Amino acid sequence: MLRGQRIAVVVPAFNEADKIARTIRSVPGFVDHVIVVDDASGDSTARIAARSGRRGLEVLSHATNRGVGAAIATGYRRAAALGAQATAVMAGDAQMDPADLPQLLAPVLSGAADYAKGNRFAWSDCWRQMPWSRYLGNVVLSLLTRLACGYGTLFDSQCGYTVASRAALQAIDPDTMFARYGYPNDLLARLARAGARVVDVPVRPVYGPGWRSGIRVWTVVYPISFVLLRALVLRLLVRYARWGTKPARIVGGFPRVSSSI
Ligand SMILES: Nc1nc2c(ncn2[C@@H]2O[C@H](COP(=O)(O)OP(=O)(O)OP(=O)(O)O)[C@@H](O)[C@H]2O)c(=O)[nH]1
Ligand SMILES: [Mg+2]
């Protein structure tokens, strides 16, 4: 519990046998539920996670590999069923600094935002920590995501370190979330269409010596292009449909259509 509210952390994991125990150990003690979603790993990720014995730990396993977005969706459904008021995502590759979690939770727990995401570019020496391929790719995708979603002040669209309120989880609709790389962009587009208030919080970029990634240029370019194009078309359609009408109340918990849409 933090500020009297129930907190869950979703940990998507695919072949992270060497990092999953460290990731689980790093989750702060105030977190009530740690939901590890093993995405049909070929190694002992699930077994090692289950052995960690952390209070509030659950390990869910996909029968086949479905992608990082699908793994997070599985975790989101479970967090909602457990009654979590705020649900964070901390990937199983230990790339999220637990010291940043309280700041990331703060705007959601106080009710100031529906969804908070990390922004590694707001960290002073980000350009030194992040590999140049990630840095450049992320700048381009962040600008395109702004255009597609309408959140004009957000950056670092690809940062997976996030916190969602209960209402935001409903708006995201985990059942239809984009399953693979491209899920963060899809998620921001869904939140924008629902009028959710999204804020950036500075977080530390973590790219240690053991860093490896499942991201390959061609496995991300096509899915993310598709997601962004679809988001842009839907945004324009929503805007056209609301043309000349007053901002309406949104069903699902958000007070008003965001003025940034
Ligand atoms: N690659 C990959 N990762 C998955 C999958 N399902 C779950 N994951 C987890 O998703 C998290 C993010 O994966 P990464 O490939 O490292 O992507 P990233 O951390 O966003 O990007 P990098 O900056 O390149 O490290 C990791 O914890 C993975 O274990 C999957 O099908 N493929
Ligand atoms: Mg990674």
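## Polar contacts of ligand 1

In this predicted model, the side chain of N65 places an N or O atom 2.9 Å from an oxygen atom of ligand 1. The side chain of Q95 also supplies an N or O atom, here 2.8 Å from an oxygen atom of the ligand. The backbone takes part as well: a polar backbone atom of G214 lies 2.9 Å from an oxygen atom of ligand 1. On its own, ligand 1 has 620 Å² of accessible area, and the protein covers 88% of it.

## The shell around ligand 1

The ligand is surrounded by 20 residues. E16, D39, R134, Y181 and S213 are the closest of them. By residue class, the shell holds nine nonpolar, six polar and five charged members.

## The magnesium ion

Ligand 2 is a magnesium ion, and its protein donors are D93, through OD, and Q95, through OE1. These donors lie 1.9 to 2.1 Å from the ion. Q95 thus appears in two settings: its side chain has an N or O atom 2.8 Å from an oxygen atom of ligand 1, and its OE1 is a donor to the magnesium ion.

Is the other donor residue, D93, buried or exposed? D93 has a relative accessible area of 16%, and because this is under the 20% cut-off, D93 counts as buried.

## Internal cavities

How many cavities of 30 Å³ or more does the structure hold? There are four. The largest cavity contains about 70 Å³ of space.

Its lining includes the charged residues K117, R146 and D156. Also lining the largest cavity are S142, T145, C149, Y151, L154, F155, S157 and L188.

Terms used:
Residues numbered from 1 in each chain as written. Chains lettered and ligands numbered in written order. Predicted model: local features only at pLDDT ≥ 70, side-chain atom pairs only at ≥ 80, totals over all residues. Heavy atoms only, no water. Near = heavy atom within 4 Å. Polar contact = N/O pair within 3.5 Å; in protein donor to acceptor, adjacent residues only side chain to side chain. Areas by Shrake-Rupley, 256 points an atom, 1.4 Å probe, with all protein chains shown as cover. Donors = N, O, S within 2.8 Å, 3.2 Å for Na, K, Ca; no water. Buried < 20%, exposed > 50% of the residue type's maximum accessible area, 1.4 Å probe, protein only. 1 Å grid on protein atoms, 1.4 Å probe; cavity = no way out; pocket = protein on both sides within 12 Å on 5 of 7 lines; lining within 4 Å. Points joined across faces, edges and corners; volume = space filled by probe spheres on them.
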